[in-house]
Amino acid sequence: MDIREYGELEEVRQAEGQVGIEPGGLYGGTYGGTYVPATMTPNETLAQEAPTRPEVGTQAREGDDGFTQLAGRSSSPLAAAFRRFLRDWRAVAALAILIVIVAFSFIFPLFYQHMGGRTVGGNLGNRPIGPEQYHQFDFNDLSHPGMNGTIISVTFTPPFVQFHFGGPDAAFHPLGSDSLGRDILARLMAGVSISIELAIVVELFDVGLGLLFGTLAGWYSGWLGFILDRFTDVMFAFPGLLLIILMGATLGPVFDDKFKPIVGPIYSRIFLLVLAIGLLAWPLMMRFVRGSTLQLKEQQYVEAARVSGTPNRKIIMRHVIPNLMNVVIVASTLSVLGTIIGEAGLSALGVGIRPPGSSLGLMISDGLGDLYILPGEVLWPVLVLIIIVVCLSFIGDGVRDAFDPRTKD
Amino acid sequence: MDEVLGTATPIIILVVIVALIVAAAIRLGPGFVIKRMAGLVFVLLGVTFITFILGYLSPASPILLQCGEKCTPPLLAHLQQVYGLDLPWYQQYYNFVFRLLHFDLGLSYKAGGRSVVEILNRGIPVSVQLGVMALISQLLLGIPAGIFAARRAGTRVDTGLMSVSLVTFSLPTFVTIPFFQLITVVLSLNHWPHLPLSGWGTPEQMIAPVGILTLVGFGYYARLTRTTMLDVLGQDYIRTARAKGLTDRTVTIRHAFRNALVPLVTAVGPALAFVVSGAVFTESFFNIPGIGFFAANAILSTDMPIVQGTVVVVATTVVLMNVMVDVIYGLLDPRIKVQ
């Protein structure tokens with residue numbers, strides 16, 4: 001650790017980009033019940049340094065962007081990082097599992113719709129039912145809550161947890177149905193796809209705003225930098241989870257009023273979550289980007305560009321932003337995890353996605369009341385969420401290591 | 001606030017804070033302290049404004065609900081006047097901040113119109129109890145794990161331990177707690193010994209919440225300790241200490257760990273503030289009457305003043321803790337010099 005001048009302590013911390021990232025750290029990590037300071041961890045930093053170009057050697061040749069590269073090693077930093085990522089078997093396995101889960105929950109509903117069982121009796125008569133109907137409360141007479149007609153169902157009959165396979169073909173619920181008769185598999189798939197859609201939109205929001213304001217604050221570090229800095233201070237002071245809960249609770253009814261007629265009840269809630277989680281996520285991204293921009297500003301090639309009269313905008317677009325990609329990729333990988341956890345948490349508290357929408361968190365909180373009767377209602381969403389979280393944290397770890405300049409090839 | 005200020009602990013804490021600030025002012029010069037305090041005021045204004053404006057934007061349906069079925073326009077107007085909702089927003093914000101300065105967080109929309117301070121007063125001791133117990137056990141588990149991993153860096157033990165801490169650390173409490181409750185239900189159905197599902201007060205009831213918070217939190221300290229330890233272990237003076245013939249144990253504890261403590265202190269400071277609020281899920285799933293529990297209930301019944309009060313209290317604590325950390329950092333690390 002270097003000697004710090006006290007007056008500059010804050011600046012040094014930021015400039016060194018010592019805002020260590022840990023998964024879950026995005027929202028002050030209040031999800032896990034403990035605070036993860038959004039401040040520095042001295043060593044475990046984000047890959048902050050600009051990708052160092054190889055020294056100009058005797059055997060140098062012109063690189064495609066005007067920089068010289070050594071003849072033997074012409075791979076870009078991005079490709080090198082990708083290669084390093086592939087070497088981390090944990091991360092690759094996690095990525096594969098995640099892709100399978102996500103693809104399954106986006107593709108399978110298309111088929112599942114036609115695979116639905118038949119209702120027996122009830123006011124629906126004897127006809128096939130699709131998963132879109134499984135989400136509706138008013139179809140609860142089409143199934144028998146619990147284990148009838150499931151491929152796998154779970155009961156807690158002593159002495160152990162019992163998994164039942166097969167069953168009378170009342171209605172086709174592969175994983176059973178919840179206390180209202182909604183199909184658990186259908187709700188799981190809907191929940192996962194909503195999480196993923198949300199994560200993608202929040203990431204766009206996060207990266208867009210973070211890059212824009214981060215580079216601006218880093219490059220023009222005058223009053224603009226000062227204001228943006230104080231803004232992030234304010235945002236970091238909030239207990240992240242409480243702030244998004246507050247936003248969900250206060251703005252929820254407003255969003256329902258405004259958007260429900262236009263986009264329906266599910267997407268009006270998704271808009272709300274994008275706003276709440278995105279607003280909380282981007283200041284951290286901005287701080288990372290700002291830290292790296294401050295470093296890049298001191299790089300010789302940037303100075304050279306400036307001396308040769310390149311306009312600021314062009315320098316930022318051509319020289320700064322491409323070199324920020326490593327920071328952005330690492331931070332956004334980790335923030336995906338935060339987004340998915342945040343959505344599930346908000347929905348579990350009843351201020352996020354609401355019925356008829358489906359979410360893993362919502363399913364967990366719905367099921368907690370029926371713990372003794374229908375354990376599967378809690379078990380399946382908990383398992384899926386655990387798998388997703390574990391996969392994403394391994395991927396995040398792998399990506400961070402891959403982009404860390406100290407990792408050797 | 002009378003109740004809180006009436007007891008001895010908060011006064012001791014206040015005295016310690018003031019003493020630290022004075023010490024910092026003496027050692028590092030008043031300029032530093034003034035700068036930090038100015039930043040503090042700015043951040044607090046921002047925090048209160050955002051909290052206020054969110055409450056302001058929310059529809060005032062709780063008032064309608066409280067008004068009841070026999071609601072008449074004059075009654076509604078009276079209620080709005082009581083809660084100060086008929087004023088323009090800047091006036092309301094002024095009142096909000098003005099009352100905050102007097103430790104008055106307004107009246108709850110529900111709960112018979114009790115004051116928010118009264119409700120927080122009941123919750124804070126419980127939350128602090130839970131949070132401090134959880135934090136201590138996290139540190140007791142996390143720091144040794146980190147040291148252990150750092151001394152075996154690169155081995156299978158190290159990667160295994162770090163993977164475990166990464167996983168437990170990433171899992172949110174609203175996943176681990178239902179999982180724990182499932183297991184408890186299985187045990188109870190079999191009449192096997194099991195922990196109580198909810199409640200707070202007896203030692204058995206405390207084991208599960210503290211244990212789960214420890215499980216999800218220790219990973220952070222383990223990883224932080226490991227990285228700082230690795231950093232310190234690579235320093236020259238460690239080699240000197242080893243060369244001079246000190247035992248491995250002495251080097252690790254006396255030379256390396258003491259220097260690795262500085263970053264840990266900076267991490268624990270804000271954590272102290274957050275453990276109080278961070279247990280929203282733990283408290284509401286286990287029915288622990290802390291501020292997280294009250295806040296979660298208030299959210300569901302759109303009782304904004306309670307939520308706002310909780311957010312303001314926690315955010316203020318966080319900001320104060322951050323200032324404290326900077327001050328302590330300056331006092332701990334002698335390499336930091338006054339400009």
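Let's start with a term: pLDDT is the predictor's confidence in each residue, from 0 to 100. This is a predicted model, where local features need pLDDT of at least 70, side-chain atom pairs count only at pLDDT 80 or more, and totals for chains, interfaces and linings use all residues. Residues are numbered from 1 along each chain as its sequence is written, while chains are lettered from A and ligands numbered from 1 in the order in which they are written.

**Exercise 1. Find the parts of chain A that call for caution.**

Step 1: Take the average. Chain A has a mean pLDDT of 71, and 65% of its residues score at least 70.

Step 2: Look at the elements. Helices (H or I, at least four residues) and strands (E, at least two) are DSSP runs, numbered from the N terminus. In chain A, confidence is lowest in helix H1 (residues 9-15), with a mean of 39, and highest in helix H11 (residues 376-403), with 89.

Step 3: Look for continuous stretches. Residues 1-71 of chain A stay under 50 in pLDDT, and the model gives them 192 contacts beyond four places in sequence. Here two residues are in contact if their C-beta atoms, placed from the backbone, lie within 7 Å. Residues 118-128 of chain A are also below 50, with 17 contacts beyond near neighbours in sequence.

Step 4: Draw the lesson. Where pLDDT is low, the predicted coordinates should not be read in detail.

**Exercise 2. Set the two chains side by side.**

Step 1: Count the elements. Chain A has 11 helices and four strands; chain B has 15 helices and zero strands.

Step 2: Check burial. A residue is buried if 20 or more other C-beta atoms lie within 10 Å of its own, exposed if 12 or fewer, and partly exposed in between, with C-beta atoms placed from the backbone. Of the 409 residues in chain A, 49% are buried; of the 339 residues in chain B, 41% are.

Step 3: Check confidence in chain B. Its average pLDDT is 80, and 88% of the residues score at least 70. The model scores ipTM 0.80 and pTM 0.78.

**Exercise 3. Describe how H11(A) packs on helix H9 (residues 173-189) of chain B.**

Step 1: Start with the geometry. The axes of H11(A) and H9(B) are 10 Å apart, at an angle of about 140°. Axes are lines fitted to C-alpha atoms, for helices over the stretch in contact, and angles run from 0 to 180 degrees between N-to-C directions.

Step 2: Name the arrangement. That angle makes H11(A) oblique to H9(B), because angles under 35 degrees count as roughly parallel, over 145 as roughly antiparallel, 65 to 115 as roughly perpendicular and the rest as oblique.

Step 3: List the residues. H11(A) contributes Val378(A), Leu379(A), Val382(A), Leu385(A) and Ile386(A), and H9(B) contributes Val175(B), Pro178(B), Phe179(B) and Leu182(B).

**Exercise 4. Is Val207(A) buried or exposed, and which residues does it contact?**

Step 1: Locate Val207(A), which lies in helix H5 (residues 184-219) of chain A.

Step 2: Count neighbours. Val207(A) is buried because it has 20 C-beta neighbours inside 10 Å.

Step 3: Look beyond four places in sequence. Val207(A) is in contact with Met285(A), Val328(A) and Ser332(A). The C-alpha atoms of Val207(A) and Met286(A) are separated by 8.4 Å, with these positions 79 residues apart along the chain.
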